[in-house]
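Please read this briefing with the sequence and the model side by side, and look up each residue as it is named.

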Amino acid sequence: MNTVTIPAYAKLNLTLDILGIRSDGYHELDMVMQAVSLHDDVTLTTGTRAPWMLTCEDSKGTPLAGIPCDEKNLAWKAAQIFFRAANLPDPGVKLHIVKRIPEQAGLAGGSADAAAVLRGLNRLYGEPFGTEALCNLGAKCGSDVPFCILGGTARVKGRGEVLSPTPLDTVQHYVICKPDFGISTPKLFALSDQYPAQAHPDPEKLLTHLRADDKQSAGPLLCNVLEPVAAMEHPQILSIREELLAAGACGARMTGSGSAVFGLFPDESGAKQAEIRLKCNEYSVFYACSV
Ligand code: C5P
């Protein structure tokens, strides 16, 4: 048997713009995505010669109910896609996921796990796929999976599969708040069709300020056209933003289709102080830096 453990990093949308609706029903997007240190751990064991198995627990070792432990789980689906594409016989696979990334948060938790499975299997089998081919396999699992394979900072277009790495060489410090409700991605995208965006992001300007490590100028340029639409049903998103700004964030926005909201802080100590200050019963709070 062969085993590997791969960290599955969450993502933030520093910007998210919708350019239109595609003929396949998906939305044409233009985003700046950032991988952050908040992560699940995905352990893959191949060669079990037994029926496939998937287990999930939280960071305290408590088994997680409610997360599908079969082919409905993106991580399982990713492994199926890998073996089919590599034309390899089924060796028997065991997947174990230690989950820290909250679900239905816009943090790409499930997609990050799927990406970790693809990267892990690719490593165990001697790298049969290059990064681009692996990202193409990832796109078959879900729109956020290609970015989760690439990591770092990237301008992401199309459905999520057109990636241009935009390395920053600076470190950003974030506090992420996840309210106790989740948001359905397909429902929010469908609702957004009725409410065209009033303000659009300027991704290049944001990246320029982040490269210059000018967080005060970058903060107000964080922008997500899905945020006002989500806030119509969940005004708490706006109050969490206000709390992050009052706690010292240079800017704060919902990530992806929510419901998590993140703040960009001037430095690590400011972010960690805000993390302590913001801890409450209404939402979970996480410190994370760019990776
Ligand atoms: O690709 P994925 O399965 O993660 O997408 C989930 C849902 O989000 C899609 O079924 C679609 O409703 C919506 N979506 C979209 N446009 C995108 C990405 C996702 O409309 N670019």
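A polar contact is a pair of N or O atoms within 3.5 Å; within protein, one must be able to donate a hydrogen and the other to accept it, and residues adjacent in sequence count only if both atoms are side-chain atoms. With that cut-off in hand, S143 is a good place to begin, for one of its polar side-chain atoms lies 2.5 Å from an oxygen atom of the ligand. This is a predicted model, in which local features need pLDDT of at least 70 and side-chain atom pairs count only at pLDDT 80 or more, while totals for chains, interfaces and linings use all residues. Residues are numbered from 1 along each chain as its sequence is written, and side-chain values use heavy atoms, with hydrogens and water left out.

**The ligand and its surroundings**

- Two further polar contacts involve H27, which has a polar side-chain atom 2.7 Å from an oxygen atom of the ligand, and R159, which has a backbone N or O atom 3.1 Å from a nitrogen atom of the ligand.
- Taken alone the ligand exposes 450 Å², and the protein buries 73% of that (areas come from the Shrake-Rupley method with a 1.4 Å probe; for residues, only the protein chains shown count as cover).
- The residues around the ligand, meaning those with a heavy atom within 4 Å of it, are Y26, H27, L29, G142, S143, R159, T185, P186 and F189.
- Helix α5 (185–192) and strand β2 each give two or more residues to this shell, and α5 gives the most, with three residues; helices (H or I, at least four residues) and strands (E, at least two) are DSSP runs, numbered from the N terminus.

**Salt bridges**

- Side chains of opposite charge can pair when their charged atoms come close.
- A search of the whole structure finds 15 salt bridges, each being a side-chain nitrogen of Lys or Arg within 4 Å of a carboxyl oxygen of Asp or Glu.
- One of them joins R100 to D41, with the closest N and O atoms 2.9 Å apart; because R100 lies in the loop between β4 (93–99) and α2 (109–124) and D41 in strand β2 (residues 27–46), the pair ties together parts that are 59 residues apart in sequence.
- R100 is partly exposed at 29% relative accessible area, whereas D41 is buried at 19% (buried means under 20%, exposed over 50%, partly exposed in between, with a 1.4 Å probe and protein chains only).
- Another salt bridge, at 2.6 Å from N to O, joins D113 and K99, and this pair links distant parts of the chain, with D113 in helix α2 and K99 in strand β4, 14 residues apart.
- Both partners are buried, D113 with a relative accessible area of 3% and K99 with one of 8%.
- D213 pairs with K215, the closest N and O atoms being 2.5 Å apart, and here K215 is buried at 8% relative accessibility.
- Salt bridges that share partners join R22, D24, E28 and E161 into one network.

**Backbone details**

- D213 has a positive phi of about 60° although it is not a glycine; D213 is found in the loop between α6 (203–211) and α7 (215–218), and is partly exposed at 42% relative accessibility.
- R49, also a residue other than glycine, has a positive phi near 50°, and is found in the loop between β2 and β3 (53–58), where R49 is exposed with a relative accessible area of 79%.
- A cis peptide bond, with omega about 15°, joins G258 and S259, and S259 has its place in the loop between β9 (251–254) and β10 (261–265).
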